[in-house]
Every structure is written in structure tokens, then in C-alpha cells.
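This briefing covers internal cavities and charged side-chain contacts. Please load the structure before reading on.

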Amino acid sequence: MNKKPDQPDPLRAKAESQIAKVPARRMRPRPAVELLHELQVHQIELKMQNDELWRTQITLEESRDRYVDLYDFAPVGYLTLTREGRIAEANLTVAALLGMERNKLLHRRFAHFVAPEDGDLWHRYFVRMMQHDERRDCGLSLKLGDGSAFHAQLDCLRLERNSGDMVVRIALTDITARKLAEERLKNSEERYRRIVQTSMDGFAIMDSGGRFLDANAAYCRMIGYTRDELLNMRIPDVEAKENPEETARHIREIMEKGYARFETLHRRKDGQVLEIEVSNVFQPDESGGRFFAFLRDITERKRAEEELRIAAIAFESNEGITVTDASSVIVRVNRAFTRLTGYSAEEVVGRTPAMLQSGRHDSAFYQQMWATLKQNGFWQGEIWNRRKNGKIYAEWLTVSAVLDSDGRITHYVGAFSDITQNSEAEAEIHRLAYYDPLTRLPNRRMLQERLGHVLATTARSGQNGAILFLDLDNFKTLNDTRGHDVGDMLLVETAQRLKANVREMDTVARLGGDEFVVILEDLGADAKAAAVQVELVGEKLRAILAQPYSLDGREFYCTASIGVSLFGEHGATVEELLKHADLAMYHSKTEGRNTLHFFDPAMQAALDRRSALEEELRQALARDELQLYYQPQVDGAHRIIGAEALLRWARPGRGLVPPGEFIPLAEETGLILPIGHWVLRTACAQIRKWEGDPRTRYLQLAVNVSARQFRQPDFVAQVRQALGETGADPAHLKIELTESLVLDDVAGTIRKIIMLKLEGVGFSMDDFGTGYSSLTYLKQLPLDQLKIDRSFIRNLSSDPNDAAIVQAIITMGQTFGLHVIAEGVETEAQRDFLGLHGCHAFQGHLFGKPAPVAEFEKLVAQYA
């Protein structure tokens, strides 16, 4: 350190003092250099000590500043109260919460800020705190200077200062948002409780052990127990289908899966057994979890279905008919049965067909008959039985099993005719009368009877059917050149191929020569869809018959021309249908053979148009005929916040093809996969372009994804690839899924959504409210948005039910923290209603129709 010239050097003075104390006799002269070095060392040590003191002081000041900042700007308010309840200290957070400057808070009573309704509570709390408790917490409503109030949570600690004064330290947190959320949740739960209690379906809550915790009035009426009685019962107490062990296993399966929908039997208090349809959801919680079940009595529906199944099979023939249950107990017979056996219905119902046994067949015969029946669901043959008068007779018996929707046998139907006189000859006559001796197929006579039966059944059920008339091409040439033996072998092989490639319920018959007929039943109620199915089956048969035949050691080829006649509700006769199919077959012959044609000119034209449309659609991508149109989505301030990308097909010279015409076709043919990939990549490329323009860089683009595309194992990779190749921001992409798509595979859907949300992609549930079970899974799905279906918006002002549903969806979205957008908004009244009830995002013609990108961008500029 530099010293002033007139200031004495303390180190030098110390050194001189030490030298003076040394006895003269011991002193020896020291070099000046050594003394000077020692002096410099002491000077350096002193400077280091001064520097260290300075750094320590700076560190302490910085630490104090940090503490002050942490205290003042902490997310929690801190204040100190004296024993009189006055504010002695407060941080800036408390000042902000109470709406007053900090210096004005000091020395004021804290009770001044407590809302009047909580004044007594705070007084009791503070007195007890000062007298008894060292630490307490409570919730209060605090008021601000402007008269408003907020909910606060106080965590208080009583301390004794060094001076002996008692003070209370308080950590204060604003919990207003939490309180409001709790209140909304409570209100929402109350609304849904009212809905459940007034539901026509039963509803019950059970714990993980199967004990009833709650039940609504509908289920109590259904099962015959009061609510109080049910609360002392468990599921096995009402279950009538499963034993307790099976029920316990079923409960475990539902807990593992999370949900289940099934049919079972419940026993009422009076002993009556009900058919019950159950939709069950398991919700885990800290107590082990709960089951939430909707229960519907389907007893009458099941009985009606059973009656229809029986009636459809049993009573459309003049032959004797016997209907038994799955245990072979007779439940019904027809009049022909009484005429042939002599027994009335009253005499046989409740007994088994064994009462008719003649004794001519041993047990092995019946065992073989039942084994065949259970394996194939069908048995046919000759059997000897005994009439009521004791006379033994022969009958030709056909037994068919009736299955329910789960494939379980519910009934057996037996049809028989009397072939007593010379039974062997009669049986042969029967076979010759109804079957082709060469191919063993039904002949024309049986075909006509069978077709008459099918037409009668179809007229009642509303189902469509079809007959296919097949004629072998150039069969006569083969027969003439290779001989009738080879021709017969070809006919037998043709019959076998036809039988092997249709359903067991379908009929294959030989009319004679090289002509065959196939009857297809139960093709659905939609005539167009039935025509598509028939075309697929017909083309399959045509391809099978065109494969080479190995006959007598040589290979032959033969094709078939096919004519199709559809039947359903048109009321055509057997003769008319066969004639129509025959004419259609000859049309196939004239068109070059080895082809298939429909008789109905309109249906044929429709199929031709569909085939042409499919072929053009295959080329549409390569020809750049597909386009994306954009419909704006706006917020409550009429600002465009995004758009939905909608697929359009511009066919050259024909204009736009309606989406409803080509998108289902793309789904059926699988073309939706390459088209969907193109849509996704094109949308991402458009997002990237918009991100470069200040007017559009904030827009979020919604893209509909088909169920078939979403279920592809590499769907997540497809989205990532589209985003990566285009450079689009994932936050600007929103994928719309339908309820039905989600419910097909909830776990898989959640997994894919989470993987893409990690990338930043948003998700919206499209057409919300049109499904049935999605409410069960809504809390599980990591969605961002619900889209109210246009069907509810259309009649919003005239249908109170639609208005109630829309309000419920909005409330539900708010409860689960989801954004809500309404599509199909076309009037200001609809928009105002939605805004009034909390929906502030819209899409519809009121704001703009779907348009090409250039027109959409002009619209964005106008809204800007």
C-alpha cells in the first residue's frame, strides 16, 4: 500500500521496537536488504487481510439482497402480526393480493381485510392461536379496497421474539381459482346425479369387492329391492347367470380392462329372472376403486328376438315342424306335426322328441346324429318313429340348430315328411325328386321351394338377397370332344367348388345340364350394399371356376357366365327371379362370356358408375385432381384463429365430386390410406407456408383422420414424417378424431395421442355428442378440444333438447379443461346462444364456406 510521506510506518516502528529490546551483547548487525524484505512481507499480509474483510462484507450484503428479493417476490404472501393482530411486516406479494401499498398496510389490523362473513371465524382462530396453538391453518374470504373479495388459505405459526413479544407469522395463498373449480365440479356432479337419478336405465355404483354403494330409482324398480336393501348386498346376491367364483373372476377382468359391456341375468327380489345389458366402467382410487354400471332390462327384447327367430324358421313349410330348446325339450309344433304324428301340441310341449322313438335305431345311431348336429349345426337323414296310434312310420328328417348373437345354440328346429310306403324306395324317390343324382345338389324342384321360403322370410325381415345364375362356357364342346364321363367329372368338380366357396346358409343347386343357381340370403337392409356384396361373391366364384380342372389325368379349363337378380322388398315371384337371372346370364354370354351382369338396369348402371369412379379415383392423386379447401374457425371476437382442411376432388370436365360420394368409396377400397397420407402432408406444407406470413403464422389447421388411417401401426411415424419433411410447427397441427374411432380401441388411441402430443400436436374430438359411450372415457383421453356436432346446432333455437345437450357439452368441456368449438353455425342467433353459454369458438357458413387456399387467405386478410 502507498503511504503518505508524513505518516509513520507501523511495521517499521514495530521492527525498530523489537531491535531495541535485544541486549546489546547479543545483537549482531543485520543486512538492510533482509530487514526490508521482512517489512514487505508484513505489508502484503496486512493487505490480504483487508481484502478478505471487504469480500466478506460484500457477500453478506448480496445474501441479504437475495433474501429480501425472495421474501418480497415469493409466490406466497408473507406477513407478521403482533399480539394485537396488527400487521408488523408484509412482503410485496401480500400487498398485491390485498390491493394496497406495503407502507399503508403496516400497523393496520389484519381483521380489517377479513370479509364480514368470516369475521367471527378469524377472531376465534386468532385468540386460540395466541393462547393455545403454536401452529394452525384455515381458509378465509378476504376483501379488497374496491369491495371485491378472494378466497385465501392461511398457514400460521406463533413465535416468541428475543424481546419476549409474541408474534404470528402467516403464509397466505390465493385459492380463489381452486375454490371456483371445486364449486363447478360440485355443481357438475350434482347435475349428473340428477340425470342419473331420473334416467330410464338403471344405474349402480359398486366397490372393488362387488358391494353396492349406490343405486338409482330405475334400478331399484327393475330389481325389486329398495335402495337401503341394495346397500347391504353384493353383486352375487342378484347375479343369476354366474356362480360367485365366475362373478369374482369377471370382476377382476373388468378391473384389469377398465370397462366392459355384456349381457347377463339378474334375479329380482320376487325370484323372477331378468335379461340385463350392462355397461360397466371401473375407476381406480385410493380405496381400491369403484364400478359405475348402467343396467338395462332387455328381457322383452330378448323374448321378441327369440320369437322372431323361431317364427322365421319353423312355420314356412307344409312339412311337420318340431321346435325344441337347447336341452331338446319341445316348445312348439305346427299343424302338420299333429297331422303326421297324431299328437296335439298340448300333448308334446314340455316333453322331448324321444317320446316318438320306434326302437328301430340303437343308441349309436342317435349319438352319431347328435355329434353331427353339434359339429355342423345340421343333420339330415331317414329315421323311423312311432305315431300316437302305435304305428311305426319312416320320415325324412332335417334338423337345424338356431344360434343367438353369441353363436350359442338356443333351439333346434326339425322338419320331416312321411316316406313310409316302401321306405327305401320312397327315400330314393325323395332324393330323386329333390336332389340332382350326379352332383348331390338340390335340383330345380327343391330350389323353387327353397327360394319360395327365402322370399317369404325376406319379406318379413327387410333383408336383401340374390340369386346367381351360372352357365359354363363352351361346356358342350368339352362334352362332345372329351366324352360325357369327363363332362360329368367337370360338373361334379364345379358343384364342389361352388359349395366350398359360399356360406353354409346359402344354397347351391343344379338346374340341369351345365346350369347352376346360388341363393345368397341375409345381405342386409341396404340394397346398394347388398349389390356390392353380391358382386364380390360372384367375382370370387367366377375366378374359382376359371382355375384349371384335373380330370382323368389331364388338365382342362372352363369359365362361367353369371347373371344376378336381387330380391328384397320388390315382391317378385320365384319364376320372375329365375327368369331375370337367366336373362342377365345371357347378357354376360353376349358380352364375351366369363363375366357377371345384374338384371336390374339401374343397379347395373350404378355398379358400372362405381367401378368407373373407383378407377378414376385411383388416378386422381397422380393427376393432381385432389385439393384441400379451408373453412375458417373464429373466436368470440370474430378473429380467424384457424381452419379445418376439407378434401375436394375436381374431376376434369365434371366439376367437384361430393365428398359423400368418393370418401366412402376410398374407405371401402383402401384408397383412403394414400389419400390420407397426401392430405396430412399437404396440410403440413400449407402450415409451413402460413408460418412465413405475419397474417397467418398463428393459424392452427385441423385435419380429419379416417379410422382406417389412424389404426395403421405406423400412423405416428407418418405424422412425424410429414412434419419433419415440411418443417411445419407441430403446435399448428390439430388432428380430429371421431367418437366411434376412439371407442374401437381406447387404450391404443390414448397411446398414439400421447406420443403425438409430446411432439406438440393438438387433438380434437369431432362430431362430439353423437356417440354413446364416449363420456365414460372422456376423462382418460388427453384431448385439447371438443367439437359440437352440427346436428345439435341446426335446431338450437327450436329444439330445447338440442339446446340442453349443447349446454351440457359446453359445461363438460369446461369441467375437464377442454376448449369447445361448434361446427355448422349459420345464424347470428346460434352464435349468440353459444357465446352466452360459454362457447367462444365457431365454424360454419356464417363466417365463411370452405374455399381454396387463395380465397381463404383473402378472407383472413379481410378479418385482420
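Which residues are linked in a network of salt bridges? The network joins Arg261, Glu263, Glu277, Arg301 and Lys302. The model is predicted. It holds 36 salt bridges and four cavities of 30 Å³ or more.

**Cavities**

- The largest of the cavities encloses about 200 Å³ of space.
- Its lining comprises 20 residues, and those closest to the cavity centre are Ile235, Phe262, His266, Val278 and Asn280.
- Two or more lining residues come from each of β6 (202-207), α9 (244-257), β8 (259-267), β9 (273-283) and β10 (290-297).
- The element that gives the most to this lining is α9, with four residues.
- Sorted by class, the lining of the largest cavity has 13 nonpolar residues, five polar residues and two charged residues.

**A salt bridge between buried residues**

- Lys787 and Glu644 form a salt bridge through their side chains, with an N to O distance of 3.0 Å.
- This pair links distant parts of the chain, as Lys787 lies in strand β29 (residues 785-788) and Glu644 in strand β24 (residues 640-651), 143 residues apart.
- Lys787 counts as buried because its relative accessibility is 0%, under the 20% cut-off.
- Glu644 has a relative accessible area of 4%, also under 20%, and therefore counts as buried.

**A salt bridge between a buried and an exposed residue**

- Arg639 and Asp635 form a salt bridge in which the closest N and O atoms are 2.9 Å apart.
- Asp635 is at 11% relative accessibility, under 20%, so this residue is classed as buried.
- Arg639 has a relative accessible area of 52%, which is over 50%, so this residue is classed as exposed.

**A salt bridge between an exposed and a partly exposed residue**

- The side chains of Asp406 and Arg408 also meet in a salt bridge, at 3.1 Å from N to O.
- Asp406 counts as exposed because its relative accessibility of 53% is over 50%.
- Arg408 is partly exposed because its relative accessible area of 41% falls between the 20% and 50% limits.

**Points to check in the viewer**

- For the cavity, start from Ile235, Phe262, His266, Val278 and Asn280, the lining residues closest to its centre.
- For the network of salt bridges, display Arg261, Glu263, Glu277, Arg301 and Lys302 together.
- For the link between distant parts of the chain, display strands β24 and β29 with Glu644 and Lys787.

Terms used. Residues numbered from 1 in each chain as written. Predicted model: local features only at pLDDT ≥ 70, side-chain atom pairs only at ≥ 80, totals over all residues. Heavy atoms only, no water. 1 Å grid on protein atoms, 1.4 Å probe; cavity = no way out; pocket = protein on both sides within 12 Å on 5 of 7 lines; lining within 4 Å. Points joined across faces, edges and corners; volume = space filled by probe spheres on them. Nonpolar A, V, L, I, M, F, W, Y, C, P; charged D, E, K, R; others polar. Salt bridge = Lys/Arg side-chain N within 4 Å of Asp/Glu carboxyl O. Buried < 20%, exposed > 50% of the residue type's maximum accessible area, 1.4 Å probe, protein only.
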